[in-house]
Each structure stands twice: as structure tokens, then as C-alpha cells.
Amino acid sequence: MPKLSAGLLLFRETDGALEVLIGHPGGPFWARKDEGAWSIPKGEYIEGEDPWAAAQREFTEEIGTPPPAGQRIDLAPVRQPGGKVVTAFAVRGDLDADGVVSNTFTLEWPRGSGQFREFPEIDRAGWFDLVAARVKLLKGQRPLLDQLEAALGRGAPA
């Protein structure tokens with residue numbers, strides 16, 4: 001059974017351009033990675049749990065504020081290269097990406113040192129137009145951008 005993850009793709013329009021909010025994962029593994037490393041705010045949930053409720057919970061934990069109220073757009077689940085299935089929902093909204101305060105996780109670092117450190121799940125977030133987001137996002141999540149464009153009646157870029 002693949003791991004299940006649910007997330008929220010927040011979007012807005014700025015000067016006619018569609019932008020999405022994505023986050024850069026915290027911790028030492030991701031510290032020097034940028035292109036192909038960012039993700040929508042998401043997290044795992046268990047079989048039988050409501051993915052929409054999980055997506056809202058994970059957004060709140062990783063961004064530090066509840067998701068904006070608004071009509072949700074259900075996006076088709078995508079399978080990441082590692083096998084995890086991501087169910088995502090898009091919601092129109094806005095927030096200050098510089099004000100993101102993520103929850104943390106504990107990791108032994110350096111590995112084998114016996115020292116445990118706290119790292120934020122998301123160390124920074126940003127608004128990106130779809131061209132930039134396609135470069136920043138994990139490969140397995142890029143189809144979510146195409147689905148968002150289709151749902152909003154916009155064509156994918158040439």
C-alpha cells in the first residue's frame with residue numbers, strides 16, 4: 001500500500017499572472033537543493049481519513065496559519081516517483097510568504113553523532129508564477145500545476 005499524502009495548493013492572481021504558494025523543505029538534506037526540491041504544503045494521512053481535513057491540517061502546521069476560506073478545487077491524485085500518492089486541493093487566497101512559521105521535526109545531526117536537532121518542515125515559502133513553479137517543484141507534483149490551469153480554464157504554456 002503506497003503512503004498517502006494530502007496537500008493544499010494556494011493560488012492567486014497578480015497583474016494577470018497566476019501564482020502559487022510552495023515551500024522549501026527544511027533540514028540538512030534539502031539545505032543546498034533548490035530546483036526540483038520545493039513542495040506544496042502537505043503531509044501524510046491514514047487510509048480512511050478525510051484527505052481534505054488532512055490537507056487543511058498540514059497547511060496549518062507547515063505554514064503556521066489556517067488555509068484561507070474559499071471554494072476548493074479537487075485535483076486528481078498524483079503519484080510521486082517514490083510511490084507516495086498526493087491528493088491535492090487548490091484554493092484561491094493570499095498570505096504573506098515571509099510570515100510562514102512551520103512546525104518542526106527532530107533529526108540526529110550530524111548522523112551518528114548522538115546529537116538531535118530541531119528543523120522546520122518548511123524553512124521558507126514563496127509565491128511563484130507557473131513557469132518558475134515548474135522549475136522549483138518536485139517533479140511528481142508538477143502535474144498539479146497543469147490541473148490547476150485546466151480547472152481555471154487557462155491553457156498550459158507552450
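In the predicted model, strand S3 contributes the largest share of the lining of the largest pocket, namely three residues. Strand S3 spans residues 42-45, and strands S2 (17-25) and S7 (104-108) likewise each supply at least two residues of this lining. The volume of the largest pocket is about 360 Å³. Its lining comprises 21 residues, of which Pro-25, Trp-30, Lys-42, Glu-62 and Glu-121 are the closest to the pocket centre. Sorted by class, the lining holds 11 nonpolar residues, together with five polar and five charged ones.

The UniProt record, an unreviewed entry, lists residues 1-150 under "domain: Nudix hydrolase". Within this span, 19% is helix and 37% is strand, and the C-alpha atoms at the two ends lie 30 Å apart.

A total of 13 salt bridges was counted in the model. One of them joins the side chains of Arg-154 and Glu-13, with an N to O distance of 2.8 Å. Arg-154 lies in the segment after helix H3 (143-151) and Glu-13 in strand S1 (residues 4-14), so this salt bridge ties together parts that are 141 residues apart in sequence. Both partners fall in the intermediate accessibility class: Arg-154 is partly exposed at a relative accessible area of 29%, and Glu-13 is partly exposed at 43%. Glu-13 does not count as exposed because that class requires a relative accessible area over 50%.

A further salt bridge is formed between the side chains of Arg-134 and Glu-149, at 2.9 Å from N to O. Arg-134 belongs to helix H2 (residues 130-136) and Glu-149 to helix H3, and the pair, 15 residues apart, links distant parts of the chain. Glu-149 is buried, its relative accessible area being 7%; the assignment follows because buried means under 20%.

The side chains of Arg-72 and Asp-74 also meet in a salt bridge, with 2.6 Å between N and O. Arg-72 has a relative accessibility of 34% and is therefore classed as partly exposed. In addition, salt bridges link Asp-34, Asp-123, Arg-124 and Lys-136 in a network. In general, side chains of opposite charge can pair when their charged atoms come close.

How values were computed:
Residues are numbered from 1 along each chain as its sequence is written. This is a predicted model: local features need pLDDT of at least 70, side-chain atom pairs count only at pLDDT 80 or more; totals for chains, interfaces and linings use all residues. Side-chain values use heavy atoms; hydrogens and water are left out. UniProt positions are given in the numbering used here, feature names are shortened, and annotations may be inferred rather than shown by experiment. Helices (H or I, at least four residues) and strands (E, at least two) are DSSP runs, numbered from the N terminus. On a 1 Å grid over the protein atoms alone, a cavity is a set of points where a 1.4 Å probe fits but cannot get out, and a pocket is an open set with protein on both sides within 12 Å along at least five of seven lines; lining residues have an atom within 4 Å of a point. Grid points are joined across faces, edges and corners, and a volume is the space filled by probe spheres set on the points. Ala, Val, Leu, Ile, Met, Phe, Trp, Tyr, Cys and Pro count as nonpolar, Asp, Glu, Lys and Arg as charged, and the others, Gly among them, as polar. A salt bridge is a side-chain nitrogen of Lys or Arg within 4 Å of a carboxyl oxygen of Asp or Glu. Buried means under 20% relative accessible area, exposed over 50%, partly exposed in between (1.4 Å probe, protein chains only).
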